[in-house]
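The exercises below go with the sequence and structure shown next. Work through each task before reading its solution.

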Amino acid sequence: MSTVVARAHTNIALVKYWGKRDVERNLPATGSLSLTLDRFHTTTALLDHYGDEDVLFLDGDVASAEETARVSAFLDIVAPNRPRFQLRSNNHVPTAAGLASSASAFAALALAINARMNLGLEDRELTQLARRGSGSAARSIYGGFVRLHKGERDDGADCFAEPCEVAPSLDVRLLVARCATGRKKIGSTDAMERTRTTSAYYDAWVQTHARDLDEATEALRAGDLPTLGAAMERSTLKMHACALAADPGIWYLAPTTVAVMNEVRRLRESGASCWFTMDAGPHVKVLTPADTAERVAGALRGIEGVLKVESCATGPAAHLDPEPA
Ligand code: PMV
């Protein structure tokens, strides 16, 4: 069997997922809505290997036992009697700093194992498989704007992602402002569980989430960017407020993060269309129309502490890649 190579692009949630209704099956307590980005992706190659254990290389280096075990456990879910593999995963995403490298990594892995083992999974099933590795990975199976349904069923059969309907007039960019270096201090699964079990605001977060998700979904369909942007900011602020109120509190925001948030508000007050969102890391992503992206990016670059601002357009669906990883 020849080498299989899959590529998936990362995505950023405009309406966030934070908290699990089932940790074992990795079922989210809320739905979410995201944009897949053109700029950041993971390429994963599955190669035949005749040892007793999988061997994982991350960006050319042998991965830790913990990282390898996470990947092996994921592959065992779909194909328990599979052969062992050598996996070469290259991240063109800053790893574990709130730019969702796990989203593109597990989406690429889902696609690769599906092809390698001839599992014949359709896109919707691939979103369910990718979700087992990382909740946000479900959304990276598709390009563009994607909604992940939380579902109600205990077995997760109704928890899947699908593309959103988008008004053709909507032409946006997501500016990624890097605000710090280094890996995040607490992983999303642990942080979500601590929030769920200790934050006084967790129930309010879950109960008020559907409104933001429905409003954003409808705004996309109508091409109503101000409504989409407002729902997006509300969602990230609620997510971070909820995590801040965990015990002990969790915050990913750095001083530069807050400076960028302030600048986005200031730009908006002076007439620019732009809205921020942050994930489990210090970086800020700013949604803005394509024709104002350069102006807004220029303003963000002028903020002390901002390391880099990259403008991302809509990215493609995950796909098998003829290029070597
Ligand atoms: O997919 P995970 O387990 O890394 O969680 C992602 C959580 C957020 O990025 C903060 C929000 C989201 O919906 O992507």
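**Exercise 1. Cysteines**

Is Cys274 buried or exposed?

Solution. This is a predicted model, in which local features need pLDDT of at least 70 and side-chain atom pairs count only at pLDDT 80 or more, while totals for chains, interfaces and linings use all residues. Residues are numbered from 1 along each chain as its sequence is written, and side-chain values use heavy atoms, with hydrogens and water left out.
- Step 1. The classes are buried (under 20% relative accessible area), exposed (over 50%) and partly exposed (in between), with a 1.4 Å probe and protein chains only.
- Step 2. Cys274 has 0% relative accessibility, so Cys274 is buried.

Next, determine how many disulfides a search of the whole structure finds.

Solution.
- Step 1. A disulfide is a pair of cysteine sulfur atoms within 2.5 Å.
- Step 2. Searching the whole structure gives 0 disulfides.
- Step 3. For Cys274, the nearest cysteine sulfur belongs to Cys179 and is 14 Å away.
- Step 4. For Cys242, the nearest cysteine sulfur is that of Cys159, at 19 Å.
- Step 5. Cys242 counts as buried because its relative accessibility is 1%.

**Exercise 2. The ligand shell**

Describe the residues around the ligand and find the polar side-chain atoms that approach its oxygen atoms.

Solution.
- Step 1. A residue counts as near the ligand if one of its heavy atoms lies within 4 Å of it.
- Step 2. There are 14 residues around the ligand, and Tyr17, Ser134, Ser136, Arg139 and Ser188 come nearest.
- Step 3. The shell divides into 6 nonpolar, 5 polar and 3 charged residues. In this scheme Ala, Val, Leu, Ile, Met, Phe, Trp, Tyr, Cys and Pro are nonpolar, Asp, Glu, Lys and Arg are charged, and the others, Gly among them, are polar.
- Step 4. A polar side-chain atom of Ser136 is 2.5 Å from a ligand oxygen atom. For Ser188 the corresponding distance is 3.0 Å, and for Asp279 it is 3.2 Å.
- Step 5. On its own the ligand has 380 Å² of accessible area, and the protein covers 94% of it. Accessible areas come from the Shrake-Rupley method with a 1.4 Å probe; for residues, only the protein chains shown count as cover.

**Exercise 3. Pro28 and helix H3**

Place Pro28 in the fold, then find what the buried residues of H3 pack against.

Solution.
- Step 1. Pro28 is in strand S3, residues 27–28. Helices (H or I, at least four residues) and strands (E, at least two) are DSSP runs, numbered from the N terminus.
- Step 2. Pro28 is buried because its relative accessibility is 2%.
- Step 3. With contact meaning heavy atoms within 4.5 Å, and neighbours within four places in sequence left aside, the partners of Pro28 include Tyr17, Arg131, Leu148 and Cys159.
- Step 4. Leu148 is 120 residues from Pro28 along the chain, and their C-alpha atoms are 9.2 Å apart.
- Step 5. Helix H3 spans residues 123–133, and its buried residues include Leu126, Leu129 and Arg131.
- Step 6. The buried residues of H3 pack against S3, helix H1 (65–78), helix H2 (101–116) and strand S9 (161–163).

**Exercise 4. Backbone details**

Which residues does a cis peptide bond join, and what is the phi of Asn26?

Solution.
- Step 1. The cis bond joins Asp247 and Pro248, with omega about -5°. Pro248 is in the loop between helix H6 (225–244) and helix H7 (255–269).
- Step 2. Asn26 is not a glycine, yet its phi is positive, about 55°. Asn26 lies in the loop between strand S2 (20–22) and S3, and counts as buried because its relative accessibility is 8%.
- Step 3. Asp59 also has a positive phi, near 50°. Asp59 sits in the loop between strand S5 (55–58) and strand S6 (61–62). At 39% relative accessibility, Asp59 is therefore partly exposed.

**Exercise 5. Asn91**

With which side chain does the side chain of Asn91 make a polar contact?

Solution.
- Step 1. Asn91 belongs to strand S7, residues 85–92.
- Step 2. A polar contact is a pair of N or O atoms within 3.5 Å; within protein, one must be able to donate a hydrogen and the other to accept it, and residues adjacent in sequence count only if both atoms are side-chain atoms.
- Step 3. The partner is the side chain of Thr42, at 2.7 Å.
- Step 4. Not counting residues up to four places away in sequence, Asn91 also touches residues including His41, Asp59 and Ser101.
- Step 5. Asn91 counts as buried because its relative accessibility is 15%.
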